[in-house]
Amino acid sequence: MSHRKKFKKAKQLLSSTNESIQNIAAVTGFDTSQYFSLVFKKMTGVSPSTYRKTHLYTKD
């Protein structure tokens, strides 16, 4: 799965579920939630938790 597809799925899960960031990292194929968070922030400019706070239950 490409990084683009991983992050599309991660964004969808962050904005539509209360699934833990650790579980979202695992589901999207990252070895650790720390690495997922690092790469997510590099790709989007915000951490997964900040993304969730601003996008939870919105259609993005």
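**Helix packing in a predicted model**

The buried residues of α1 are covered by elements that include α2, α3 and α4. The model in which this packing is seen is a predicted one, and the helix α1 makes a convenient place to begin reading it. In α1, the buried positions are Lys6, Phe7, Ala10, Leu13, Leu14 and Ser15. The length of this helix can be checked against its residue count: with a rise of 1.5 Å a residue, the 14 residues of α1 should span 20 Å, and the C-alpha atoms at its ends are indeed 20 Å apart, which agrees.

One of the buried positions of α1 deserves a closer look, namely serine 15, which is found in this helix. Its relative accessibility is 6%, and because residues under 20% are classed as buried, serine 15 counts as buried. The side chain of serine 15 reaches the backbone oxygen of glutamine 12, at 3.3 Å.

From α1 the reader can turn to α3, which covers residues 33-44. At 1.5 Å a residue, the 12 residues of this helix should span 16 Å, and the distance of 16 Å between its end C-alpha atoms agrees with that expectation. Within α3, the residues Ser33, Phe36, Val39 and Phe40 are buried. Seen down the axis of α3, these buried residues fall within an arc of 130 degrees, so they line one face of the helix. That face packs against α1 (3-16), α2 (21-27) and α4 (48-55), whereas on the other side of α3 the residues Gln34, Leu38 and Lys42 are exposed.

Glutamine 34 illustrates the exposed side of α3, the helix in which it has its place. With a relative accessibility of 59%, and with values over 50% classed as exposed, glutamine 34 counts as exposed. The C-alpha atom of glutamine 34 is separated by 18 Å from that of arginine 4, a residue 30 positions apart from it along the chain.

How α1 and α3 meet can be described in terms of their axes. Two packed helices are described by the angle between their axes and by the distance between those axes. The axes of α1 and α3 come within 11 Å and cross at roughly 100 degrees, and since an angle from 65 to 115 degrees counts as roughly perpendicular, the two helices are therefore roughly perpendicular to each other. The contact is made by His3, Phe7, Ala10, Lys11 and Leu14 on the side of α1, and by Phe36, Val39, Phe40, Met43 and Thr44 on the side of α3.

Methionine 43, which is found in α3, shows this contact at the level of a single residue. Leaving aside residues up to four places away in sequence, methionine 43 touches His3 and Phe7. Methionine 43 and phenylalanine 7 are 36 residues apart in sequence, yet their C-alpha atoms are 8.5 Å apart in space. Just after α3, glycine 45 takes a positive phi of about 90 degrees.

The helix α4 can be read in a similar manner. Its buried residues are Pro48, Tyr51, Arg52 and His55. Viewed down the axis of α4, they fall within an arc of 100 degrees, so they line one face of the helix. The elements that cover these buried residues include α1, α2 and α3, while the face of α4 turned away from its buried side carries the exposed residues Lys53 and Thr54. Just after α4, tyrosine 57 takes a positive phi of about 65 degrees.

How values were computed
Residues numbered from 1 in each chain as written. Predicted model: local features only at pLDDT ≥ 70, side-chain atom pairs only at ≥ 80, totals over all residues. Heavy atoms only, no water. Helix = DSSP H or I, 4+ residues; strand = E, 2+ residues; numbered from the N terminus. Expected span 1.5 Å × (residues − 1). Buried < 20%, exposed > 50% of the residue type's maximum accessible area, 1.4 Å probe, protein only. Arc of directions from axis to C-beta. Contact = heavy atoms within 4.5 Å. Polar contact = N/O pair within 3.5 Å; in protein donor to acceptor, adjacent residues only side chain to side chain. Axes fitted to C-alpha atoms, helices over the stretch in contact; angles between N-to-C directions. Parallel < 35°, antiparallel > 145°, perpendicular 65-115°, else oblique.
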